Amino acid sequence: AGLPGGNNGSISFWSRDSSRVSTDIFNAANGRSLAGTVRGYTEIDGKGVILVDNNGVGQDRVEIVEAGTFKSIATFQAPDVENPRQVIYAGPNKAYISCWDTTNVGGVTYPKAGYILVLSLGSRTVLKKIPVAKAPEQLVLIDREVFVGSVGGERVLTVINADTDEVVQPGLDAGVNSNPIGLDFNGKLWAYTSSTNEMVRISPTNKLVETRIKVGDGTKRPTAITLSADKKLIYFVNAYTDRQAGETYRFSINDTEILATVPFIRRYFAGLGSDLGVPGTDKGRALLYAATPSVTNQPGYVLRYQPNGALVDSIRADIAPMRFYFK
């Protein structure tokens, strides 16, 4: 959570079977705030990895915490961490973090190539910085290969061997400003290409685009996208890019067109997430989580929906909720 540039990000915890939420749990555990926008979070081998993007030069950080207590156990800072965007599991005690590097220098938005920061959570060290395309964003791991998207005007999804931490050439031409969404039920990788407003289905094995599907009529564009829990549907918020207005839609991974005319939920949301549920139980399975936009520095809300679109409940979260992590 947290407004971009507001340096007021936090992480909240909501148990599936509770109506109460614990807000700003990092501050509660460590007696200090994160002091930035939270760009991403994941857990790897009992440790949580928090990406903190501060609007001050050289103030970005990666905080490593104990997953059970949220107590800080290590902090990585600039120059290793510059504009972090997303973090994923890349192997035992190993994290991959996409970073833009420095931005807005001499009138150039992305003056440098981006990089993937490779962290060892066991030794608490930086293993490597892998150069990639400008402004890397979303990361998806498939069979020990990481597909890297970007927003810096590049055409190629970078592919990295997660065992050797080396770029696999020549990458995958998905179109300018493409970002991977995830692996579907049929073992296909989906990406969204913002330059052409298309959902793209890719074979991760032979690195070829299989199909491109236009989203709606082009007056709105997806601003939040997530696969359903069973990986057979893709939910997205179709919105006007210049204002917080739009609706939420979904389509099947087998569809040949995306009309975006009849909303699944007639609301705009700042973020979406699909709950895979608790392993071995039906608790939480298939629920769609949706984050409402915040007004200035006021708390937002998280709503939960059934697969048929029926509202289950809602809770008050912290400022500007947007991203979800399920455990």
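When I say buried here, I mean a relative accessible area under 20%, with exposed meaning over 50% and partly exposed lying in between, using a 1.4 Å probe on protein chains only. The model is a predicted one, in which local features need pLDDT of at least 70 and side-chain atom pairs count only at pLDDT 80 or more, while totals for chains, interfaces and linings use all residues. Residues are numbered from 1 along each chain as its sequence is written, and side-chain values use heavy atoms, with hydrogens and water left out.

Let me start with strand 8, residues 94–99, where strands are DSSP runs (E, at least two residues) numbered from the N terminus. In a regular strand the side chains alternate between the two faces of the sheet. In strand 8 both faces are covered, with Lys94, Tyr96 and Ser98 buried on one side and Ala95, Ile97 and Cys99 buried on the other.

What does strand 8 pair with, if pairing requires that DSSP finds at least two bridges between two strands? Strand 7, residues 84–91, runs antiparallel to strand 8 and is joined to it by 6 bridges, with Gln86 partnered by Ser98. These two strands form a hairpin with 2 residues between them, and Asn93 in the turn has a positive phi of about 55 degrees. Strand 9, residues 115–120, is likewise antiparallel to strand 8 and joined to it by 6 bridges, and here Cys99 has Tyr115 as its bridge partner.

Turning to the interior, a nonpolar core is a set of buried Ala, Val, Leu, Ile, Met, Phe, Trp, Tyr and Cys residues joined through side-chain atoms within 4.5 Å. The largest such core has 16 residues, and those with the most contacts inside it are Val49, Val62, Ile64, Ile97, Leu117 and Leu119. Strands 4, 5, 6, 8 and 9 each supply at least two residues of this core. If contact means heavy atoms within 4.5 Å, then Val49, leaving aside neighbours within four places in sequence, touches residues including Val62, Ile64, Val87 and Ile97.

My last stop is Arg144, which sits in the loop between strand 11 (136–142) and strand 12 (145–150). Is Arg144 buried or exposed? Arg144 counts as partly exposed because its relative accessible area is 28%. Beyond neighbours within four places in sequence, Arg144 is in contact with Ala90, Gly91, Ile160, Asn161, Ala162 and Asp163. Its side chain also makes a polar contact with the side chain of Asp163, at 3.1 Å, where the term denotes a pair of N or O atoms within 3.5 Å, one able to donate a hydrogen and the other to accept it within protein, and residues adjacent in sequence count only if both atoms are side-chain atoms.

Terms used
Helices (H or I, at least four residues) and strands (E, at least two) are DSSP runs, numbered from the N terminus. Two strands pair if DSSP finds at least two bridges between them.
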